[in-house]
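Visitor: I am new to this structure and should be grateful for a guided introduction. May we proceed by question and answer?

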Amino acid sequence: MIPDKTILLVITASLLLSATLQAASETETEALYQQHCASCHGADRLGGMGPALLPENLSRLKKPEAEAAIRHGRPATQMPAFADVLDDASVTALAEYIYQPPATTPTWTRKDITDSHLLPHPAGTLPDEPTYDTDMMNLFLVVEIGDHHVTLLDGDTMEPIHRFASRYALHGGPKYSPDGRFVYFGSRDGWITKYDLYNLKVTAEVRAGINMRNIAVSADGEHVLAANYLPHTLALFDAENLELMEIIPVESGDETSRVSAVYAAPPRDSFIAALKDIPEAWEITVEDGAAEVRRMQTDTWLDDFFFDPGYDHLIGAARDGKHGHVIDLDSGDTVANLPLPGMPHLGSGITWEYEGRRVMATPHFRTGAVSIIDMDNWEVIKTLETEGPGFFMRSHENSRYAWVDVFFGPNKDKVHLIDKQSLEIVRTLQPAPGKVAAHVEFDRYGEKLLLSVWDEDGAIIVYDADTLEELKRLPMNKPSGKYNVWNKIHYEEGTSH
Ligand code: DHE
């Protein structure tokens, strides 16, 4: 018979051992996180290139889905698959770990925003004339995500003018001031950078949130609105010096929400945002320095959206990835529901005139298809089969072609050219076999265009938009988006908003 004292000792020892093992496994999981996840999701899980991995951000994602994402990666994102690197126990432990609240709840307060504010060159302190000689309306900015830089390119000679470091993980289109002098960049971890293209200098910076979706600049150039995932806010800044004007909590009743995105709607003198966790779209106007929100109830959560050229309608992608919802921005009513299976990427939609009416086209994240939609009656008039799911579409009013990539799958090195009048794919190019070819931007005249070879050992290829002859190849480090000043400030029909 074992004496009582010995039993107590055994129990105590095994409790101690289990606590030690638990602590050890927590430490191991933390180490795994730092090794595999931190470079994209942030050492403190507050986000970076990848989203913040905090319980609040993951509320719509079930744990098995999180495990699947760790194992197999996520389509349409930079999230790679870890199935070959991590065993099942490690995947489960990591999925558990990211649903645990951090030791302290992350917040991003008015004080955090104002403390982050940097103002190296206050408005009015730099010369008002360009310091170099070129057509300032035909400049391009090329975002190089490989090493977080931006290259400024002369759109006439297609020669680089300047290259500068950006904040970590810029995402989404930079937004120009209406005169094209300034550009505002947004980074995934919340930084807004204002850059003076006349003087080639950063003039102001501020961190608007922990995990930001995108920014919009008002049509009059006076305000910048940042849409956040974390915290659940929109943050309004004066565009001159990026001083904080207002934090708009994104909430309805007891619920709060991430913001899917925000865009300026120039003819309405407003911003339009859609919410990711509450089925609402918001129209935000700024009157006498204060933001006013008009809410529109929607039938579904809108992840991604687009507008008709008059900004009368919003066309949003439903969460189910199978439908597009058309919302009349005056009445707030949903006026059409389009079958768009395969997760349309409406944010990259473009429009053009076809047989006397306006059509829009969108690629799909999950299927190899481009849907072409009649914007008068909101019917899908054609579905083109592509060699795989795509990400970006681009054209220009003066070009007969619309370009769409095949971003995902084995044919990611191909791009299709759609004839905008026959609505057929008429050419398929393979500019750099084995390397992703994606995202096109035209020069202001629609005569030349730039295409990214999306690779660290990548390039920008300059094409003649008509003959499709390759004119030049400029080496670049994972070039992603390109943005032409003229096209952007004129809301050219073939470019993104
Ligand atoms: Fe983007 C634009 C959302 C993943 C590169 N992307 C946008 C915009 C939104 C968006 C809402 C419009 C913002 C704007 O211009 O104001 N992107 C999303 C996602 O929800 C998604 C699928 C998942 C995520 O990780 O957030 C996603 N995006 C990516 C990528 O993985 C890409 C390819 C690489 C990267 O940089 O992260 C990528 N997104 C881009 C680019 C634009 C963009 C280059 C601007 C396109 C343009 O022509 O304007």
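The following exchange goes through selected features in turn.

Visitor: On what kind of model does this description rest?
Guide: Residues are numbered from 1 along each chain as its sequence is written, and side-chain values use heavy atoms, with hydrogens and water left out. Local features need pLDDT of at least 70, side-chain atom pairs count only at pLDDT 80 or more, and totals for chains, interfaces and linings use all residues, for this is a predicted model.

Visitor: Against which helix do the buried residues of α3 pack?
Guide: Helices (H or I, at least four residues) and strands (E, at least two) are DSSP runs, numbered from the N terminus. Helix α3 covers residues 63-72, and its buried residues are Ala66, Glu67, Ala69, Ile70 and Arg71; buried means under 20% relative accessible area, exposed over 50%, and partly exposed in between, with a 1.4 Å probe and protein chains only. The buried residues of α3 pack against α4 (88-98).

Visitor: Which residue just after α3 takes a positive phi?
Guide: The position in question directly follows the end of α3. With a phi of about 75°, the residue is Gly73.

Visitor: How many disulfides does the structure hold?
Guide: A disulfide is a covalent bond between the sulfur atoms of two cysteines; here the criterion is a pair of cysteine sulfur atoms within 2.5 Å. The sulfur of Cys37 has its closest cysteine sulfur in Cys40, at 9.0 Å, which is too far for a bond. Cys37 counts as buried at 14% relative accessibility, whereas Cys40 is partly exposed at 27%. The number of disulfides is zero.

Visitor: Which strands stand at the edges of the open sheet that begins its order with β30?
Guide: Four strands form this open sheet in the order β30-β31-β32-β33, with antiparallel pairing; two strands pair if DSSP finds at least two bridges between them. Each edge strand has a single partner, so one side of it is left without a neighbour in the sheet. The edge strands are β30 (437-442) and β33 (470-476).

Visitor: Which residue of β31 is the bridge partner of Phe442?
Guide: Strands of a sheet pair through backbone hydrogen bonds, either parallel or antiparallel. β30 and β31 (residues 448-453) pair in the antiparallel sense over five bridges. The partner of Phe442 in β31 is Leu449.

Visitor: Which residue is the only protein donor of the iron atom of the ligand?
Guide: Donors are N, O and S atoms within 2.8 Å of the metal (3.2 Å for Na, K and Ca); water is not among the atoms, so sites may look incomplete. The donor residue is in the loop between β3 (160-165) and β4 (175-176). Through its NE2 atom, at 2.1 Å from the iron, the only protein donor is His171.

Visitor: Which side chain does a polar contact join to that of Arg258?
Guide: Arg258 is in the loop between β13 (255-256) and β14 (259-265), and at 9% relative accessibility Arg258 counts as buried. A polar contact is a pair of N or O atoms within 3.5 Å; within protein, one must be able to donate a hydrogen and the other to accept it, and residues adjacent in sequence count only if both atoms are side-chain atoms. At 2.8 Å, the side chain joined to Arg258 is that of Asp277.

Visitor: Which residue in the turn between β20 and β21 has a positive phi?
Guide: Strand β20 (residues 323-328) is joined to β19 (residues 313-318) by five bridges, the two running antiparallel. β20 also pairs with β21 (residues 334-339) in the antiparallel sense over five bridges, with His325 opposite Asn337. β20 and β21 form a hairpin with five residues between them, and the turn residue with a positive phi, about 80°, is Gly332.

Visitor: Is Arg45 buried or exposed?
Guide: Most residues other than glycine have a negative phi, and most peptide bonds are trans. Arg45, in the loop between α2 (38-41) and α3, has a positive phi of about 70° although it is not a glycine. At 5% relative accessibility, Arg45 counts as buried.

Visitor: Which residues does a cis peptide bond join?
Guide: The proline of this bond is in the loop between β9 (223-230) and β10 (233-238). With omega at about -5°, the joined residues are Leu230 and Pro231.

Definitions and conventions:
Contact means heavy atoms within 4.5 Å.
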